[in-house]
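Colleague: I am new to this structure and would like a close look at a single part of it. Please start from one residue, stay with its surroundings for as long as possible, and then place that part in the whole chain.

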Amino acid sequence: MNWGVELWDQYDNLAAHTHKGIEFLDKYGNFVKERCAIELEYAGKLRRLVKNYQPKRKEEDEYQYTACKAFRQLLQELGDFAGQREVVAENLQSNVVRELHLLAKELREERKQHLNEGAKQMAVLSTAVGALERARRSYERAARESERALDAFQKADADFNLSRAEVEKQKTNMKLRSQACEDAKQEYMDQLRKTNEAQRQHYEQRLPHVFKQLQDLDEKRIKNIKNFMLSSVDVERKVFPIIMQCLDGMEQAAKSINEKEDTQLVIERYKSGFVPPDDFRFEPATGADATDSAATTHTHNHLTAARGTVSGNRIKKRGGLLSIFSSNKKIIEACNSLKNNMSVDGKEDYSDLPPNQRKKKLQGKVQELTKQVGQVQASMEGLMKMKGVYETNPTLGDPMTVEGQLNECCDKVKKLRAQLRKYEELLVEANNQVCAPPLHPTARTNGSAPTQATSIGSNSESLSRSASESSVSTGAGAGAGGGGRAAGGSPESGLGGELAAAHADHTNGDHDDHNHDHDHDHDHDHDHDQDHDQDHESDFDYYYEPDLQPLGYCKALYAFEANGTGSTMRMECGERLLVLETDAGDGWTRVRRHHTREEGFVPTTYIATTLYADAHAH
């Protein structure tokens, strides 16, 4: 396939075709250029979209849920995806658009040169054809004149009236014209040969060469368009693995969403640690007698969930236990006393938060301070190594220059450790104040003797777990009255107005040791508690009647540690005990450990009770 052979007579069409081809190349270049602009605009809008939907500082707490975390991860992957679109645009701009414009400029110059060469060859052929045409016309003119001269001579020779001189003149003219005709004929033949030669060279060599150059130019253009398209695809293909990683990341982010985990996070975030309030008590009308009013007086406090109710029969037998629970005044005063004794303000100790939330905040603060202490200690180690190097080789530096930095680090560590101890103490206190989770509704009663088998792990006369722990932990006085429970927060305590001081002593004592050492030294503590319980057998004999018959049995929902100075009894989570006396409204139940016959009081909210009468009824 050769344009010079097949299209020898299509010079003008080939010139127009190559022109259109270069225009198409420019058109494709503009297409790629605009595509680059669109890619950049797309990437820019994606980045702007990602930026607009990034979580604000005030929304950071909301992004702890799996759906929000997945959305944040999706935004990050989308930002990376936008970056890959920018890479595509940049590579297209550098590898395609720029090269394409350079090629178009080069092809235009080459085409112009080839067309000029073709025009030159066409001019040469036109010149040869023009010379041939002039020689042909000169030959025709000379032939006509020679023919007229011959006719004139023949007429003169046949006319006898003309003189011989006249006849000779016509003969001479005839010979001259015949010679001129022969010369013109020869010139015409020479020019014809030259013109034919030029025409053969023009159509067989010169013009085909020009057409071949134009053909090569057009094929070069087409081939480069092909390469540019392949290069565009290759640019896209190179970023495709990264784009696939972005899409895989989006997919993984979507699969990481866990509705159950989010539900649990909502519970952890908003759970206050309080137990639901007890049932409202019947309040008689204004005309009722004072005894009924006193028996049904109910103090309702949602913040502590600590309420004391008294039944007419139980107040005579165990009235000493209820003095601290008759109103909220003493509890509020004790809490205020505790707050006044704290070394930090409300914002630092998170005392304005519910117990559960306060505990989480304090745990986070402890972790943060622990991390800071570790960082400063690592810096100190590095400074110590540097000081040792300087002491070994004084040319490297003066060891005293490091001394000041070491002192600063030491002071910082001391301050951080002081803060850490402070927050650890607050965390211990918060752990002691966290309320027990509410029991299943079927395990709650209204405080009266049940008529069916009922688990009464948290009844309407019970204290919350935090109130129970607080009242148990603050007992320090002697028992009031023989055989009955002392008037205070626990069966043996005589707190009265000393709740704050007793709570501080207990926080620094038993509960602190329990929170830090119970998990690691459980066996040792168990043996110690057994010895401790044996030491106080006389106390239990004083408080309990050995012939008291069990009313039912109970299962410990939570572990409980006795304060070690009275009639409370230690129990393990899941332990089964015999019930000797049910809760009389003070939040305590009297139980017996059947294999050791050890007896004592435990918080009612810590157990689920089933009475024998109820079991027989079923």
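**Helix α3 and its surroundings**

Modeller: R137 is partly exposed, because its relative accessible area is 41%, a value that falls between the 20% limit for buried and the 50% limit for exposed. The model is a predicted one, and every value below is computed from it. R137 lies in helix α3, and this helix is the part to look at closely. Helix α3 covers residues 66–158.

Begin with what R137 has across from it. The C-alpha atoms of R137 and K185 are separated by 10.0 Å, while their positions lie 48 residues apart along the chain, counted as a separation in sequence. A second pair can be set beside this one. E182 and S146 are 36 residues apart in sequence, and their C-alpha atoms are 9.2 Å apart in space. E182 belongs to helix α4, which runs over residues 164–255. E182 counts as partly exposed because its relative accessibility is 45%.

Next to R137 in the numbering is R136, which takes part in a salt bridge. In general, side chains of opposite charge can pair when their charged atoms come close. R136 pairs with E140, and the closest N and O atoms of the two are 2.5 Å apart; the cut-off for a salt bridge is 4 Å. The two residues are four apart in helix α3, so about one helical turn separates R136 from E140. R136 has a relative accessibility of 25% and therefore counts as partly exposed. E140, with a relative accessible area of 32%, is partly exposed as well.

Now move along helix α3 to H114. Is H114 buried or exposed? Its relative accessibility is 12%, so H114 counts as buried; the limit for that class is 20%. What is H114 in contact with, once its neighbours within four places in sequence are left aside? The contacts of H114 are V210, Q213, L214 and L217. By its residue range of 164–255, helix α4 takes in these positions.

That stretch of helix α4 has a salt bridge of its own. The side chains of K212 and D216 meet there, with 2.9 Å from N to O. K212 and D216 are four residues apart in helix α4, about one turn of the helix. K212 counts as partly exposed because its relative accessibility is 33%. D216 has a value of 34% and so is also partly exposed.

Further toward the start of helix α3 is F71. F71 counts as partly exposed because its relative accessibility is 32%. F71 joins L49, Y53 and L74 in a nonpolar surface patch of about 350 Å². The residue R85, whose number falls within the range of helix α3, belongs to a network of salt bridges that links it with R35, E39 and E236.

A few places elsewhere help to set this part in context. Helix α5 (residues 259–270) packs against helix α10 (residues 355–392) at an angle of about 95°, and their axes are 7 Å apart. The two helices therefore count as roughly perpendicular to each other. On the α5 side the contact is made by E268, R269 and Y270, and on the α10 side by N356, Q357 and K360. Another salt bridge joins the side chains of E572 and R570, at 2.3 Å from N to O. R570 is buried because its relative accessible area is 6%. R597 sits in the loop between β3 (588–593) and β4 (598–603). R597 has a positive phi of about 55°, although it is not a glycine. With a relative accessible area of 49%, R597 counts as partly exposed.

Last, the chain as a whole. The chain has 618 residues, and 39% of them count as buried. It holds 17 helices and five strands, and the count of salt bridges comes to 26. Among contacts with a separation of 6 or more, 73% come from residues 24 or more positions apart. The chain exposes about 35,800 Å², of which carbon and sulfur atoms supply 52%.

Terms used. Residues are numbered from 1 along each chain as its sequence is written. This is a predicted model: local features need pLDDT of at least 70, side-chain atom pairs count only at pLDDT 80 or more; totals for chains, interfaces and linings use all residues. Side-chain values use heavy atoms; hydrogens and water are left out. Patches are made of residues with over 30% relative accessible area and no salt bridge: like charges are joined within 9 Å, nonpolar side chains (Val, Leu, Ile, Met, Phe, Trp, Tyr) within 5 Å. Accessible areas come from the Shrake-Rupley method with a 1.4 Å probe; for residues, only the protein chains shown count as cover. Buried means under 20% relative accessible area, exposed over 50%, partly exposed in between (1.4 Å probe, protein chains only). Axes are lines fitted to C-alpha atoms, for helices over the stretch in contact, and angles run from 0 to 180 degrees between N-to-C directions. Angles under 35 degrees count as roughly parallel, over 145 as roughly antiparallel, 65 to 115 as roughly perpendicular and the rest as oblique. Contact means heavy atoms within 4.5 Å.
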